[in-house]
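Please look through the structure below with the sequence at hand. The paragraphs after it deal with cysteines, strands and a surface patch in turn.

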Amino acid sequence: MTTSDFLREATERGFIFQCTDTEALAQSMRTAPATAYIGFDCTADSLHVGSLVQIMILRLLQKHGHKPLVLLGGGTTRIGDPSGKDESRQLLTDETIAANMAGIRRCFTPFIRFGDGPSDAILANNADWLDTLGYIPLLREIGPHFTINRMLTFDSVRLRLEREQPLTFLEFNYMILQSYDFRELGRRYGVTLQIGGSDQWGNIIAGIELTRRTDARAVFGLTTPLITTASGAKMGKTAQGAIWLTADRLSAYDYWQFWRNTEDADVGRFLRLFTDLPLPEIVRLEALAGAEINEAKKILATEATSLAHGRDAAERAADTARRAFEEGEAADTLPSVTVPAAELDAGIPAFRLFALAGLAASNGEARRLIRGGGARVNDQAVADEAMMIAAPLLRDGAIKLSAGRKQHRLVRPA
C-alpha cells in the first residue's frame, strides 16, 4: 500500500488509531495539500496535556505541508459533548465560554504556525454559524439524514444508556452539530479531514455521511489513540491536578517535572508523540537501561517543555532540577508559594502547609505523605504531621518543602 509522508510518520510515531479510508486519504494527500481540523470545546481557560496528542498531530500535519484548522467550540460548548461522560456537563454561561476561548487560544501558538501562508493554520469558531441556525430550517435540512436507530448505536449514546445514566435531548443533538461543523468547514475552508480522539469516531462518521449525502464530497476521518500511562493512569491528570499547557496555570518547572517523572515503559512512546526528535534518536534513547533511562527522561522533559514554554524556560527548569535534586540546593527558581507572614510567625502545622503548597491534594493526603516518610522540610525528614513550621525555619527568605525526591516548593512570607 502506498501512503503519504504525513501518514507514514504519523503511523511510525503512534498517532493513528483508526482511519476511514487510508488508501484514498493517502492518494488525496499526495495529490494536493489537505486542510484538516480538530475541534476543542471551551470548558476551561486552558488545555492540559490530555489534549496534547491532538495538538501534536496538527503540528506534524503542518510539518508535511498540509493546513491545520483549529476549531474552537464557541457554539458546541453551550451543549456539551457526551462522549466518554457518565453524566451531563455543567452548562457554562456565555461569558465563561468567551473567557475560556480567549485562554485556550494561547495554547496553540507555541506548537502551530498561524498566518496567511499555504500551510499556515486557521483558527475558527463554530459559534459563527451555529448561533445563526434556525431550528425548523435545521430540522428540515439536516434531520432527514439522521435516524434515531443509527444514533443510538454510537458509543457516546449507547454507553450512557447502558449505564442507565441520563442523556438529555440537548446532549443528544451534539453529534448533529459536530456533523454540521464538518460540512460547514468543507464549504468555507475546503476541509477534507477531521481528526479526533478515539471516542469521537461515531461523531466523525456521522459528519462524513452528512457531507457525502448533501454535498456529494469525499471527506475522511482519522482518530488518535486514548493515551494512558503504562500503569493505566489517564494522561494529563496527577494527584496534584491537571498538567496545564499555559504558564499561568502551571509553571514551566512543574511541566518539566511531569515529563521527568515518566514511567520507564513510556519513555519511547512519549518521545515519539510529544517531541520533534528524529525517530533514530528516539530508538537509541528508549534502548537505554538501568540508571541511564533517567537521561532519556531528562531529554524528554526538556524537549517537551521547549515546545510548550520555549527552549530557555526548559533549560532553566532542567538546571533548577539538577541543582535541587543532584546538588541539594534550594534553587531560587523552584516553584514558590506565599503565606501571610503573621501565619508563618505563629506557625503552621506541617500537614496543612504541604497541602497549601500544592504538594498534596488535601490535608488527609498530606498526613499520609508525612506518615509514609515522604515529606521533608529544608531537606530534613518530617516525622510528625502536626509539627509546627514557622519563621525560624526560613533559609535565605524561604522554607523548602519536598514531597518525595522530585517535588519541591519554596514557602515565602507575604
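A disulfide is a pair of cysteine sulfur atoms within 2.5 Å. The model shown here is predicted, and a search of the whole structure finds zero disulfides. Why does C42 form no such bond? The closest cysteine sulfur to that of C42 belongs to C107 and lies 10 Å away, so the gap is too far for a bond. Seen from the other side, C107 is in no disulfide either, and its nearest cysteine sulfur is that of C42. Are these two cysteines buried or exposed? C42 has a relative accessible area of 0%, so C42 is buried. C107 counts as buried because its relative accessibility is 2%, and the cut-off for buried is under 20%.

The next stop is strand β6, which covers residues 220–224. Strands of a sheet pair through backbone hydrogen bonds, either parallel or antiparallel. Strand β6 takes part in both kinds of pairing: with β1 (residues 18–19) the direction is antiparallel, over two bridges, and with β5 (residues 193–197) the direction is parallel, over five bridges. Single residue pairs show where these contacts fall. C19 has L222 of β6 as its bridge partner, while G197 has T224 of β6. To get from β5 to β6, the chain passes through helix α11 (residues 201–215), and this β-α-β crossover is right-handed.

How many of the residues of β6 are buried? Five of its five residues are, and the strand is mostly covered. In a regular strand the side chains alternate between the two faces of the sheet. In β6, F220, L222 and T224 point one way, whereas G221 and T223 point the other way. Residues of both groups are buried.

Further along the chain there is an open sheet of five strands. In which order do its strands lie? The order is β9-β15-β14-β11-β12, and the pairing is mixed. The edge strands are β9 and β12 (380–381), each of which pairs on one side only.

The sheet can be followed from the β9 edge. Strand β9 (residues 336–339) runs parallel to β15 (residues 407–413), and four bridges join the two. Strand β15 also pairs with β14 (residues 399–403), this time in the antiparallel sense and over five bridges. One residue of β15 can be traced in both pairings: V411 is the bridge partner of V337, and V411 is also the bridge partner of I399. Strands β14 and β15 form a hairpin with three residues between them, and in this hairpin G404 has a positive phi near 70°. Moving on from β14, the sheet continues with β11 (residues 375–377), which pairs with β14 in the antiparallel sense over three bridges. Here V377 stands opposite L401 in β14.

The last stop is on the surface. Which residues form a nonpolar patch there? They are Y135, I136, L139 and F169, and their accessible area together is about 440 Å². Helix α6 (residues 135–142) gives the most to this patch, with three residues. Y135 is found in that helix. The patch residues on the surface stand in contrast to the residues of β6, which are buried.

Definitions and conventions: Residues are numbered from 1 along each chain as its sequence is written. This is a predicted model: local features need pLDDT of at least 70, side-chain atom pairs count only at pLDDT 80 or more; totals for chains, interfaces and linings use all residues. Side-chain values use heavy atoms; hydrogens and water are left out. Two strands pair if DSSP finds at least two bridges between them. Buried means under 20% relative accessible area, exposed over 50%, partly exposed in between (1.4 Å probe, protein chains only). Patches are made of residues with over 30% relative accessible area and no salt bridge: like charges are joined within 9 Å, nonpolar side chains (Val, Leu, Ile, Met, Phe, Trp, Tyr) within 5 Å. Accessible areas come from the Shrake-Rupley method with a 1.4 Å probe; for residues, only the protein chains shown count as cover. A salt bridge is a side-chain nitrogen of Lys or Arg within 4 Å of a carboxyl oxygen of Asp or Glu. A crossover is right-handed if, with the strands pointing away from the viewer, the path from the first strand over the helix to the second runs clockwise.
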